[in-house]
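Here are some short exercises to work through with the structure in view. Try each task yourself before you read its solution.

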Amino acid sequence: MTLLIYDSKKSIEKALKVFSLFLTISILSACAQMSSVAAPVGISNNDHDALVKYYEDIGRETKARLRENKKILKEYEAHPYYFGRQGLEAQSHATANVREYEKTLREIQIHADFHRKMALEQKGKVINKAKANQDRELTSKSPESSVNNGL
């Protein structure tokens, strides 16, 4: 009788260890910091003009998606009675999408500004921050998002 109890305690301990390992791995993977801006494939790290074009193209796509999600969100907010209970979930989802696209757009602007600066340095030109910011298509509301601190 005691042998049977002892074996079940061992199997419970093993199950708890496996569960705690699984829980630890899932928490670590969920908390891992991932960039929402994908690294360009097929572009050399030294080709800064191509990288600027790449990030500006992604920025235009992101702006279009942001506008679409803002329209959807505005519709949910203007007519919540059309959508019922599911409308609240959809509105929350649209709000999260807008927030994520705005964050991605800020990251893209930082990358594009950095590579624009590097392209000017590569060409041997003296960097004029006003000129570099004037050339940029992706404008930001806050001036600190276009400054590359520490880069």
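**Exercise 1. Check the span of helix H2.**

Task: Compare the reach of H2 with the span expected at 1.5 Å a residue.

Solution: Start with the residue count, which is 31 for H2. The expected span at 1.5 Å a residue is 45 Å. Next, take the distance from the first C-alpha of H2 to its last, which is 44 Å. The two values are close. Please keep in mind throughout that this is a predicted model.

**Exercise 2. Do the same for helix H3.**

Task: Work out what span helix H3 (residues 84–122) should have, and compare it with the distance between its end C-alpha atoms.

Solution: H3 has 39 residues. The expected span is 1.5 Å times one less than the number of residues, so H3 should span 57 Å. The end C-alpha atoms of H3 are 57 Å apart, which agrees. After H3 comes Gly-124, with a positive phi near 85°.

**Exercise 3. Place the helices in the whole chain.**

Task: Which elements does the chain have, and in what order do they run from the N terminus?

Solution: Count the elements to begin with: the chain has 4 helices and 0 strands. Read from the N terminus, the order is α-α-α-α. Now turn to contacts between residues at least 6 apart in sequence: 65% of these join residues at least 24 apart. As for burial, 22% of the 151 residues count as buried. The chain exposes about 11,500 Å², with carbon and sulfur atoms supplying 58% of that area.

**Exercise 4. Find what the buried side of H2 packs against.**

Task: Name some buried residues of H2, and say which helix they pack against.

Solution: Buried residues of H2 include His-48, Leu-51, Val-52, Tyr-55, Ile-58 and Gly-59. The buried residues of H2 pack against H3.

Let us look at His-48 as an example. His-48 sits in helix H2 (residues 48–78). Its relative accessibility is 7%, so His-48 counts as buried, the cut-off being under 20%. Beyond its neighbours within four places in sequence, His-48 contacts His-115, Met-118, Ala-119 and Gln-122.

For a second example, take Arg-106, which lies in H3. With 40% relative accessibility, Arg-106 counts as partly exposed. Arg-106 and Gly-59 are 47 residues apart in sequence, yet their C-alpha atoms are 9.1 Å apart in space.

**Exercise 5. Describe the largest nonpolar core.**

Task: Which residues make up the largest nonpolar core, and which helices each supply at least two of them?

Solution: The core has 6 residues: Leu-66, Leu-73, Tyr-76, Ala-94, Val-98 and Leu-105. H2 and H3 are the helices that each supply at least two. Zoom in on Leu-73: leaving out residues up to four places away in sequence, Leu-73 touches Gln-91, Ala-94, Thr-95 and Val-98. As background, nonpolar side chains in soluble globular proteins tend to be buried together.

**Exercise 6. Follow Tyr-76 to its aromatic partners.**

Task: What kind of aromatic pair do Tyr-76 and Phe-83 form?

Solution: The structure holds 4 aromatic pairs. For Tyr-76 and Phe-83, the centres are 4.6 Å apart and the planes are at 70°, giving an edge-to-face pair. The rings of Tyr-82 and Phe-83 also have planes at 70°, with centres 6.3 Å apart, so this pair is edge-to-face. The cut-off to use here is an angle over 60 degrees.

Now add burial. Tyr-76 is buried at 17%, Phe-83 is partly exposed at 30%, and Tyr-82 is exposed at 55% relative accessible area. Tyr-76, Tyr-81, Tyr-82 and Phe-83 form one aromatic cluster.

Tyr-76 also has a link to Gly-87 in the chain: the two are 11 residues apart, and their C-alpha atoms are separated by 6.8 Å. Gly-87 is found in H3 and is buried, at 6% relative accessibility.

**Exercise 7. Judge the confidence.**

Task: Which element has the lowest mean pLDDT, and which the highest?

Solution: Begin with the chain, whose mean pLDDT is 76, with 65% of residues reaching 70 or more. Among the elements, helix H4 (residues 129–135) has the lowest mean, 57, and H2 the highest, 92. Over residues 142–151, pLDDT stays under 50. Where pLDDT is low, the predicted coordinates should not be read in detail.

Conventions: Residues are numbered from 1 along each chain as its sequence is written. This is a predicted model: local features need pLDDT of at least 70, side-chain atom pairs count only at pLDDT 80 or more; totals for chains, interfaces and linings use all residues. Side-chain values use heavy atoms; hydrogens and water are left out. Buried means under 20% relative accessible area, exposed over 50%, partly exposed in between (1.4 Å probe, protein chains only). Contact means heavy atoms within 4.5 Å. Accessible areas come from the Shrake-Rupley method with a 1.4 Å probe; for residues, only the protein chains shown count as cover. A nonpolar core is a set of buried Ala, Val, Leu, Ile, Met, Phe, Trp, Tyr and Cys residues joined through side-chain atoms within 4.5 Å. pLDDT is the predictor's confidence in each residue, from 0 to 100. Rings of Phe, Tyr and Trp (its six-membered ring) pair if their centres lie within 6.5 Å; planes under 30 degrees apart count as stacked, over 60 as edge-to-face and the rest as tilted.
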